[in-house]
Amino acid sequence: MSGQKPCRQGSRSKSCTTAITVFDRLLCAVISQVSAVFSLTISVLGDEDDGLLYRCAGSKADRMLFRFGGKAFFAVVGVFIKSALTAEQCVSTKGQKRMKKKILRTASFALATALSLSVCVSAFVSDGTNNNVTTSVLPDSADNAVLNWATKVGKSWNDGPSPVAIVGDDIVYTYGDKLMRMNKETGVVDSVVGQRAGTNSYAIQPVTYADGMIFSAFNGGIQAFDADTLESLWVYKDSVGGQSVSPIYYNDGCIYTGFCNYGSGKDDQYVCIDVKDEDPDTTDEEKSPKWTFTNKSGFYWAGAYATDDFVVLGMENAKANTTDPARIVTLDKNSGSVIDTEYTVGGGVRSTISYDKDTDAYYFTSNGGYFYKATIDDEGNFTKLDSIPLGGASTSTPTVLNGRAYVGVNGSGWGNYKGSAIAVIDLDSFEIAYKAETKGYPQTSGLGVVNENGYNYVYFTENTSAGAIRYVKDKKGVTEVLDAQIVNGKKTAPSLFTPSGAQAQYAVADLVADENGTIYFKNDSGYIMAVGSEAEKLVTENAKTVCKEGEAYDASDLKVYAVLKNGVKKDVTDYVTIDDTALTADDDFVTVTYKYGMYRDKTNEGAANTTGVAVSPVEATIDVTVLAAEDYDSVKAVEKLISDLGEITLDSENDIKAARAAYDALGDLKEYVGNVDALTAAEEKLEELKTPSSSSEAESSVSSSDVSSESTVSSANSEDTSSATSSAAESVSSADTSKAADSSSKTANNAGAANPNTGATAGVCVAGLALLISGALTVSRKRK
């Protein structure tokens with residue numbers, strides 16, 4: 001990294017070496033240590049006071065080091081700010097504020113991500129491949145899954161919320177002409193609302209998050225919002241129009257999506273749009289597409305996948321039926337021109353294209369009832385297209401995991417247990433290993449995870465009454481349904497959770513998961529729901545064990561954590577309520593009760609689950625001693641004398657003696673003084689100061705320190721660099737990576753990490769009536 005370095009395009013600097021500090025070089029040296037993992041190369045691109053310094057590009061990531069406000073930061077390009085660092089984008093006050101907010105919001109996490117060798121920015125670990133996969137530990141049976149909360153947003157399938165995406169601590173969704181969000185821990189709807197430029201006939205797709213923006217589709221258009229403020233940034237209105245039922249796919253600074261005038265014969269458009277906000281002062285700025293691609297009958301649920309050079313896309317056939325072949329194309333990424341074309345056996349493509357790096361192949365399904373595997377060369381030409389008949393229509397994006405693919409398949413009709421199933425496909429033999437029958441059609445993509453025993457767990461919703469979450473437990477070599485439920489003599493996929501009562505309805509929505517292993521989804525009831533792992537026990541910290549008679553238990557410093565069965569430890573302190581009954585001398589413990597969850601399923605071996613089972617609260621006890629008011633006040637007075645000692649000097653002797661005398665005077669109450677160790681330490685320190693040899697050594701030390709300080713003034717820059725490096729390390733260690741789960745595990749939302757073929761990082765997830773039974777924690781006193 002020595003010698004003259006090239007400036008990046010648009011740089012304001014005349015020289016690209018002078019502003020790169022020692023700190024920058026040290027930081028990039030650390031980054032270099034991970035280059036073997038990420039196949040990175042590092043180059044200096046510019047040296048502005050506030051701007052891009054280094055670009056670290058490789059086959060698995062595209063990151064950059066930049067300076068802002070005199071500090072250097074490291075950022076994942078696609079997820080955070082990318083080109084938003086150029087001076088041209090900060091020409092307005094609004095633009096400057098937006099850039100500062102993006103940088104300051106993401107810098108500490110981005111640095112922590114880089115140094116911890118993490119590629120992902122959320123629980124969803126799809127490496128840009130459209131695989132809906134998470135590393136979070138999800139509930140693996142109905143017996144440890146609980147409905148945490150359910151929030152009513154709409155009324156029905158045509159008056160309800162969209163599927164959800166996770167952005168930071170929020171669930172983000174659309175409802176009517178509003179962009180909305182709710183707290184993902186409580187289901188409480190935020191008062192901040194974004195105004196959409198239109199509505200959807202049927203909100204089948206979630207929003208997409210990337211580059212600090214949220215992208216929302218409405219009939220005939222796309223709108224971008226600031227992810228923090230929910231303020232509109234720009235609007236795209238398609239010249240042909242149509243339903244917006246295709247997922248919005250983000251890649252390398254652009255979004256890709258299509259429109260559909262179903263069966264009309266119109267030349268509907270699939271568009272590529274640069275997401276950059278060229279006019280930050282205008283909220284309804286009209287965007288134009290970078291390029292368009294047309295198809296008769298359009299793009300219905302069809303989602304793309306992009307590499308460095310080309311885009312892979314499926315579509316409807318001209319008659320929008322299930323028998324005629326439909327096109328699969330590769331398009332030039334920059335121009336949208338067709339590189340190559342293949343055709344389905346029959347029916348249109350209504351899934352997103354997913355990519356599997358292990359087989360170096362692309363997978364999708366068709367509503368004509370086939371599962372496809374395509375191989376494509378580096379120039380975008382198809383080399384092979386294989387297919388397997390599924391026995392029914394499929395609109396499910398394949399979830400590919402450890403040599404297996406999982407898709408939902410429709411049965412012989414819309415009745416219950418009519419042959420709909422989760423098909424498990426072995427990719428080595430390219431055959432269906434088995435099918436796990438379901439009550440209804442699993443019409444969306446599965447949410448996959450690998451558990452600690454090496455089993456793939458893949459979860460689907462089903463489009464039938466109640467809309468249960470079902471799953472398959474599978475790995476290579478398995479040929480039948482594991483942990484099956486027997487219904488009508490058939491082995492069916494086990495249910496994880498079944499909505500009951502007001503929440504029971506058909507479900508056509510992908511599942512998304514956060515870092516705590518909580519699954520979020522919506523169904524046609526108009527409710528958004530959170531299904532999490534069962535709470536196994538409570539852990540308390542900073543609990544007061546000495547209490548005052550006649551007063552309620554003081555929980556001001558109390559911290560309460562729920563330890564879930566999946567191993568996650570969640571802070572639930574905000575949901576503690578205190579029994580205000582006065583304590584008596586007979587009380588010797590208090591009970592902390594965590595009343596969480598609404599209901600759950602209960603498994604019945606071999607048979608269907610029992611649904612709507614109430615959730616039992618979890619308790620923990622704190623042993624306490626209740627002192628008479630006078631005694632309690634005496635103990636607290638001594639504790640204050642000790643805490644007031646502060647820094648110990650020779651002048652502290654009288655105060656220390658007074659504190660010791662007061663402590664000794666307590667008699668049997670001495671055992672209740674909580675900071676007596678501090679008194680002992682103060683006495684020992686005083687004795688050290690009073691010892692002549694120690695005093696001499698201290699003076700010698702001070703003198704030596706003064707000399708050393710004077711002799712090292714010329715090294716101040718080196719000292720500053722060391723300090724800055726230490727500060728950066730502390731920032732990394734304390735970075736709240738849970739805040740980084742700022743996108744949904746929804747495949748089409750591109751939540752997360754680097755696309756293996758692109759080296760670009762993809763960005764991935766009316767007041768409601770919140771049923772906050774999950775939120776109540778009560779602390780009550782009991783007598784043994």
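**A walk through a strand-rich predicted model**

The accessible surface of the protein amounts to about 30900 Å², and 47% of that surface belongs to carbon and sulfur atoms. This is a predicted model, and its values should be read with that in mind. Of the 784 residues in the protein, 55% count as buried, and the secondary structure comprises 8 helices and 51 strands.

A useful place to enter the fold is strand β7, which spans residues 170-175 and is mostly covered, with 6 of its 6 residues buried. From this strand D170, V172 and T174 point one way, while I171, Y173 and Y175 point the other way, and the residues of both sets are buried. On one side of the pairing, strand β6 (residues 165-167) joins β7 in the antiparallel sense over 3 bridges, and V167 has D170 as its bridge partner in β7. The hairpin made by β6 and β7 has 2 residues between the strands, and there G168 takes a positive phi near 65°. Strand β8 (residues 178-183) also pairs with β7 in the antiparallel sense, here over 6 bridges, and the partner of Y175 in β8 is K178. These two strands, β7 and β8, again form a hairpin with 2 residues between them, in whose turn G176 has a positive phi of about 60°.

T174 of β7 leads on to an internal space, since it is among the residues that line the second largest cavity. About 80 Å³ of space lies in this cavity, and its lining also includes S162, R196, N200, A203, I204, Q205, P206, V207, S216, A217 and S244. By residue class, the lining divides into 5 nonpolar, 6 polar and 1 charged.

Further along the chain, an open sheet of 4 strands has the order β19-β20-β21-β22 with antiparallel pairing. The edges are formed by β19 (305-306) and β22 (338-343), each of which has a single partner strand, so one side of each is left without a neighbour in the sheet. In general, the strands of a sheet pair through backbone hydrogen bonds, in a parallel or an antiparallel arrangement. Between β19 and strand β20 (residues 310-314), which run antiparallel, there are 2 bridges, and Y305 has V312 as its bridge partner in β20.

Two loop residues deserve attention for their backbone geometry. Most residues other than glycine have a negative phi. L230, however, has a positive phi of about 60° although it is not a glycine, and it lies in the loop between β12 (221-226) and β13 (232-237). With a relative accessibility of 3%, L230 counts as buried. N402, likewise a residue other than glycine, has a positive phi near 55°, and its place is in the loop between β27 (399-401) and β28 (404-409). N402 is partly exposed, with a relative accessible area of 44%.

The cysteines provide a last point of interest, for the structure holds 0 disulfides. The cysteine sulfur closest to that of C254 belongs to C272 and is 3.9 Å away, which is too far for a bond, because a disulfide requires the two sulfur atoms to lie within 2.5 Å. C254 is itself buried, with a relative accessible area of 5%, and C260 is buried as well, with a relative accessible area of 1%.

Notes. Residues numbered from 1 in each chain as written. Predicted model: local features only at pLDDT ≥ 70, side-chain atom pairs only at ≥ 80, totals over all residues. Heavy atoms only, no water. 1 Å grid on protein atoms, 1.4 Å probe; cavity = no way out; pocket = protein on both sides within 12 Å on 5 of 7 lines; lining within 4 Å. Points joined across faces, edges and corners; volume = space filled by probe spheres on them. Nonpolar A, V, L, I, M, F, W, Y, C, P; charged D, E, K, R; others polar. Buried < 20%, exposed > 50% of the residue type's maximum accessible area, 1.4 Å probe, protein only. Areas by Shrake-Rupley, 256 points an atom, 1.4 Å probe, with all protein chains shown as cover. Pairing = 2+ DSSP bridges.
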